[in-house]
Amino acid sequence: MLAGAGLLVGVAAGPAQAAGVAYATRCVPPAASGLDPVMGTTEVQITAPATASVGDEVEVVWKFTQAASKNPDLIDLPADSVQPSGTLKAAGAQTADLAMQGPRQNPAIPKGGAMVLSDMKGTLKLTAPGTVTLTPDAYSINAFSTDTKCAPTETVKPAATIQVTGSPTTPTPTPSTTPSTTPSGTPSTQPTGSASASPSDSGGQTDFTGKEVSVAYACKTPIGDKNATSPVQIDARKNGEDFDLTVRFKKSVMDSPADIPANSVKPSMEVVLGGADKGTVHVEGPANAQPIKSGDPIEVPDLTGTYKPGASGESTLAPGVLTVTALGTTTTCTPATSQVSLTLDTTRQEGGASGGGGSSSTSGGTSAGSASTSGGLAETGSDSHGALRALGLVAGTVILLGGAVFTFLPRRYPH
């Protein structure tokens, strides 16, 4: 017996009963993972009333007693990050597909630990007298905004029965729906040409605003390659002969698919210098100071650093290699090509960046050599999926449930 389960609405319903069943299962990972389907065994226990009357609405509970496999030795699975949903088939005196869903509630699961899924529940209104059988069918596991689809590969035996008494009634269809939200957006219009700033031409100007550029990133993650497109803007403030840089991302990455602890996600970038100057400038953003609740937007913080010019003349700044550390892993994203966001008139400073011989950042950046300033990325728009979807990868973090991969991705894939 599963204590406390199998609650009923209706005084004629009898006491709850629980019965288990095991069946071979095929789980299909998200397409983005590139992994093959996984075969395993699902064991569940169904709790429902043993007897009831026509017209009763009874609650049925689906309890996972064994997942298809353990959590692999890749990464710890955070608490409250996995949510199951599925379909329970009613047959016999009454035929229906009963939608089942559990809360996003699970303990932290270490690498190699047994998978733990929450109990799923659904409500069935009884419409005909006789024996009603309840059989588990296909189900989905949602984690980090992706779904793994699991379905039986054999005929599943009924896990519970309800003896229904009374006169038949006209059933009222209960639709089985799975909410799906797809973000929509309007791509922003990209300006042409790079922003140029010269204090000598602007009466002592100190603040310089770069243009927003759409950057195509190729990201190397612990599980393979990913692509992402992001609108990025580089601004500068003159500080003596140096420049304080701020790299801004225009939109939220995504809504958080789970509760994220504080101080767990931290981005940084190497801004590429061109024109008169050469090298890189290291900029970085703070880790998330507060926990991020499931469903809240994940905002990309401004990345900041100091540019010490290594050459006199007209120097360009373009978004460069992006690095994201999260939950103990690292993802590195490299732009497909250099895309200038800001042009500055600079004066050479001792120990500056020119020639790739050193860092121009007070936060410890390193030179990356000569930056290409010819050509440029075609203006493709800022991508309505939000800024820096690469960060949505959360450093390539992956979680396997029954061998099926869940990758921390935004709600829509790149086109």
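Select L88 to start. L88 touches I46, V60, W62, A96, D97, L98, M100, L134, T135 and P136, leaving out residues up to four places away in sequence. Contact here means heavy atoms within 4.5 Å.

This is a predicted model, where local features need pLDDT of at least 70, side-chain atom pairs count only at pLDDT 80 or more, and totals for chains, interfaces and linings use all residues. Residues are numbered from 1 along each chain as its sequence is written, and side-chain values use heavy atoms, without hydrogens and water.

Next, the core. Add I46, V60, W62, L124, L134 and I162 to L88: these have the most contacts inside the largest nonpolar core, which has 33 residues. Such a core is a set of buried Ala, Val, Leu, Ile, Met, Phe, Trp, Tyr and Cys residues joined through side-chain atoms within 4.5 Å. Buried means under 20% relative accessible area, exposed over 50%, partly exposed in between (1.4 Å probe, protein chains only). Strand 9 gives the largest share, five residues.

Now pick F64 and Y139. The ring centres of F64 and Y139 are 5.2 Å apart and the planes meet at 70°, so the pair is edge-to-face. Rings of Phe, Tyr and Trp (its six-membered ring) pair if their centres lie within 6.5 Å; planes under 30 degrees apart are stacked, over 60 edge-to-face, the rest tilted. F64 sits in strand 5 (residues 57-66) and Y139 in strand 9 (residues 130-143), so the pair ties together parts 75 residues apart in sequence. Strands (E, at least two residues) are DSSP runs, numbered from the N terminus. F64 is buried at 10%, and Y139 is buried at 7%. Add W62: with F64 and Y139, W62 forms one aromatic cluster.

Last stop: select C219, F243, V283 and A353. They are among the 30 residues of a second, separate core.

Technical notes. Helix = DSSP H or I, 4+ residues; strand = E, 2+ residues; numbered from the N terminus.
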